[in-house]
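User: I would like to learn how to read a sheet in a protein model. Where do I start?

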Amino acid sequence: MIPKNEMKQGWYKGFCRNNYMAYWDGDKFQYLRYSFNFYLDTIEHFEDVKDKGFDGFVPVERIERLTPDEQWKIKDEIGY
């Protein structure tokens, strides 16, 4: 897990109950959630909620956001 004091603004791969990727805005994580429809939701860093019993996002790796063109190129290369 990446400690909160080492976080930089950007996208992170990790996990919580509802997603595996989220955007750290410097205060909390933002991610798209689906419950009858898509909407933007927020979740705190795991360090902030571990003693409260709430779900928190556990960041494992910082990732670069890919443009749609880059995503299609990768999909074409692997035949997805």
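Analyst: Start with what counts as a pair: two strands pair if DSSP finds at least two bridges between them. This is a predicted model. Here β2 (residues 21-24) and β3 (residues 29-34) pair in the antiparallel sense over 2 bridges.

User: Which residues stand opposite each other in β2 and β3?

Analyst: Tyr23 stands opposite Gln30, and Trp24 stands opposite Phe29. The two strands form a hairpin with 4 residues between them, and Gly26 in the turn has a positive phi of about 100°.

User: How many bridges join β3 to β4?

Analyst: Strands of a sheet pair through backbone hydrogen bonds, either parallel or antiparallel. β3 and β4 run antiparallel and are joined by 6 bridges. Leu32 stands opposite Leu40 in β4. This hairpin has 3 residues between the strands, and Phe36 takes a positive phi near 70°.

User: What is the order of the strands in the whole sheet?

Analyst: The sheet is open, with 5 strands in the order β4-β3-β2-β1-β5 and antiparallel pairing. β4 (38-43) and β5 (58-63) are the edge strands, as each pairs on one side only. From one strand to the next, the twist averages 40°.

User: Is Phe38 buried or exposed?

Analyst: The cut-off for exposed is over 50% relative accessible area. Phe38 has 58%, so Phe38 is exposed. Phe38 lies in strand β4.

User: Which residues form the nonpolar patch on the surface?

Analyst: The patch consists of Leu32, Tyr34, Phe38 and Leu40, with about 500 Å² of accessible area together. β3 and β4 each supply at least two of its residues.

Note on methods. Residues numbered from 1 in each chain as written. Predicted model: local features only at pLDDT ≥ 70, side-chain atom pairs only at ≥ 80, totals over all residues. Heavy atoms only, no water. Axes fitted to C-alpha atoms, helices over the stretch in contact; angles between N-to-C directions. Patch = residues over 30% accessible without salt bridge, like charges linked within 9 Å, V, L, I, M, F, W, Y side chains within 5 Å. Areas by Shrake-Rupley, 256 points an atom, 1.4 Å probe, with all protein chains shown as cover. Salt bridge = Lys/Arg side-chain N within 4 Å of Asp/Glu carboxyl O. Buried < 20%, exposed > 50% of the residue type's maximum accessible area, 1.4 Å probe, protein only.
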